Amino acid sequence: MGKGGCAVAKQDIVSVLDKEREEKVQNQPKFYWAHDEEPHRRRKQEILGKHPSLKQYMGIDTSTKFKVAFWVAFQLLSLHALQGAPWYTWLFCCYTLSGSINHMMTLAMHELSHNLGAKGVTPNRFLAILANLPMGIPAAASFKRYHMEHHKFQGEDVVDVDIPTEWEGWFFHSSPRKVLWCLLQPLFYSLRPLAVNPKEPTRWEFINIACIIAFDLSIVYVWGVRELLYLVIGTLFGMGLHPVAGHFIAEHYVMHEGQETFSYYGPLNWLTFNVGYHNEHHDFANISGRHLPDVRRIAPEYYDAIPHYHSWIKVIYDYIVDDGISPYSRTKRVTMEKKEIDALRARGGLVK
């Protein structure tokens, strides 16, 4: 793996995939390019071969639904408590409380997208919509569709929309512009999929949208527009230049060449369903966040010796000030022909 990739071997007969890969590497040489499959599937089998006891942790975490219900209720109580508060108190709480809690709810949605909160797909979908309510912006249904592809096709050009676009890499290259990029993360996360890998909406998107509209209107009716803004702006704060949003960068931005997924072992995991244990999560996506520390404890030889982080704030700082790190600092791969990507898109992706 390397920046600009390695040259595709010249052969008398070159496959369609090789031609497409070479063309993409030449068109976007500033990304890191890998010419093998994503690493986690292979490593999972290797770890399970050595540590079969990890199978006991696979499955749902029954406490997730209670955590979601508690924090949704907490947000509603916050709306009541902050009525009439001065603007500076409102703004402080919007960034700290609403930003942190609503980001926590995005990571509850992440947990539930893997069906780790209840038995069966449908209960997890409704729990994800419940977690989505205080965010004020519909996201749960679409997130699940794109996130499943991020796991199965990690780094796949066009398919994995977690990777910034060529334009993002070209424009957000200086420290001031990278600050702006961090502030605009919510915008890129919502619009990038529509530009790179659009999907026809399904009934779950419409259910999600209807629930959010009904909830938002209820907030305005009971408390007012200011309280709805507290939720929506809190979501934007929490996904922008915010300590918990450091995981967006920490998870897959290449700060140590040769590695494309990184874990974080710090206290903010308490607020984020242990999403910082990101190598562990990609290795074992069917183990809930509650038990990801157990994965590291049982198989430390796979995690302790590779680069990892202890501060998301430090990750954000390094990303902004280091000229060698930018939106280009992501690993891409081409393991699917265009016709395969088109076929995947035509059937609505992995999940509808």
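**Entry 1. N115 and V158**

I began with N115, which at 24% relative accessibility counts as partly exposed. I am working from a predicted model throughout. I located N115 in the loop between α4 and α5 (121-132). Its phi is near 60 degrees, a positive value in a residue other than glycine.

I then looked up V158, whose phi is near 80 degrees, again positive in a residue that is not glycine. I found V158 in the loop between α6 and α7 (166-171). With a relative accessible area of 24%, V158 is partly exposed.

**Entry 2. Helix α4 against helix α6**

I next turned to the contact of α4 with α6. I read α4 as residues 87-113 and α6 as residues 140-152. Their axes come within 9 Å and cross at roughly 60 degrees. The two helices are therefore oblique to each other. I noted the crossing of α4 past α6 as right-handed.

I listed the residues that meet. From α4 they are M109, H110, L112 and S113. From α6 they are A140, F143, K144, H147, M148 and H151. Sorted by class, this contact has five nonpolar, four polar and one charged residues.

**Entry 3. Helix α6 against helix α10**

I followed α6 to another partner, α10. These two helices pack at an angle of about 145 degrees, and their axes are 7 Å apart. On the α6 side I recorded A140, A141, S142 and R145. On the α10 side I recorded W204, E205 and N208. By class, the contact has three nonpolar, two polar and two charged residues. I noted that A140 appears both in this contact and in the contact with α4.

**Entry 4. E149 and K199**

I stayed with α6 and examined E149. The side chains of E149 and K199 meet in a salt bridge, 2.8 Å from N to O. E149 lies in helix α6 and K199 in the loop between α9 (185-196) and α10 (203-222), so the pair ties together parts that are 50 residues apart in sequence. I asked whether E149 and K199 are buried or exposed. Both residues are buried.

**Entry 5. K152 and its neighbours**

I also looked up K152, which lies in helix α6. At 42% relative accessibility, K152 counts as partly exposed. Leaving aside residues up to four places away in sequence, K152 touches E38, R41 and L350. K152 and R41 are 111 residues apart in sequence, and their C-alpha atoms are 8.7 Å apart in space.

I found two of these neighbours, E38 and R41, in a network of salt bridges that also links E37 and R42.

**Entry 6. R333 and D36**

I counted salt bridges for the structure and recorded 19. One that I examined joins R333 to D36, the closest N and O atoms being 3.6 Å apart. This pair links distant parts of the chain, 297 residues apart. I placed R333 in strand β3 (residues 331-333). I placed D36 in the loop between β2 (32-34) and α2 (40-50).

I asked how the accessibility of each partner is classed. R333 is buried, with a relative accessible area of 2%. D36, at 40% relative accessibility, counts as partly exposed.

**Entry 7. D294 and R297**

I examined a further salt bridge, between D294 and R297, with the closest N and O atoms 3.1 Å apart. I asked what separates D294 and R297 in helix α14. The helix spans residues 292-298, and the two residues, being three apart in it, are separated by about one helical turn. D294 is buried, with a relative accessible area of 17%. R297, at 52% relative accessibility, counts as exposed. The cut-offs explain these labels, because buried means under 20% and exposed means over 50%.

**Entry 8. R21**

I closed with R21, which I found in helix α1 (residues 16-27). At 10% relative accessibility, R21 counts as buried. I asked which residues R21 touches, not counting those up to four places away in sequence. The contacts are H35 and V334.

Conventions. Residues numbered from 1 in each chain as written. Predicted model: local features only at pLDDT ≥ 70, side-chain atom pairs only at ≥ 80, totals over all residues. Heavy atoms only, no water. Axes fitted to C-alpha atoms, helices over the stretch in contact; angles between N-to-C directions. Helix = DSSP H or I, 4+ residues; strand = E, 2+ residues; numbered from the N terminus. Parallel < 35°, antiparallel > 145°, perpendicular 65-115°, else oblique. Left-handed = near helix turned anticlockwise from the far one by under 90°. Contact = heavy atoms within 4.5 Å. Nonpolar A, V, L, I, M, F, W, Y, C, P; charged D, E, K, R; others polar. Salt bridge = Lys/Arg side-chain N within 4 Å of Asp/Glu carboxyl O. Buried < 20%, exposed > 50% of the residue type's maximum accessible area, 1.4 Å probe, protein only.
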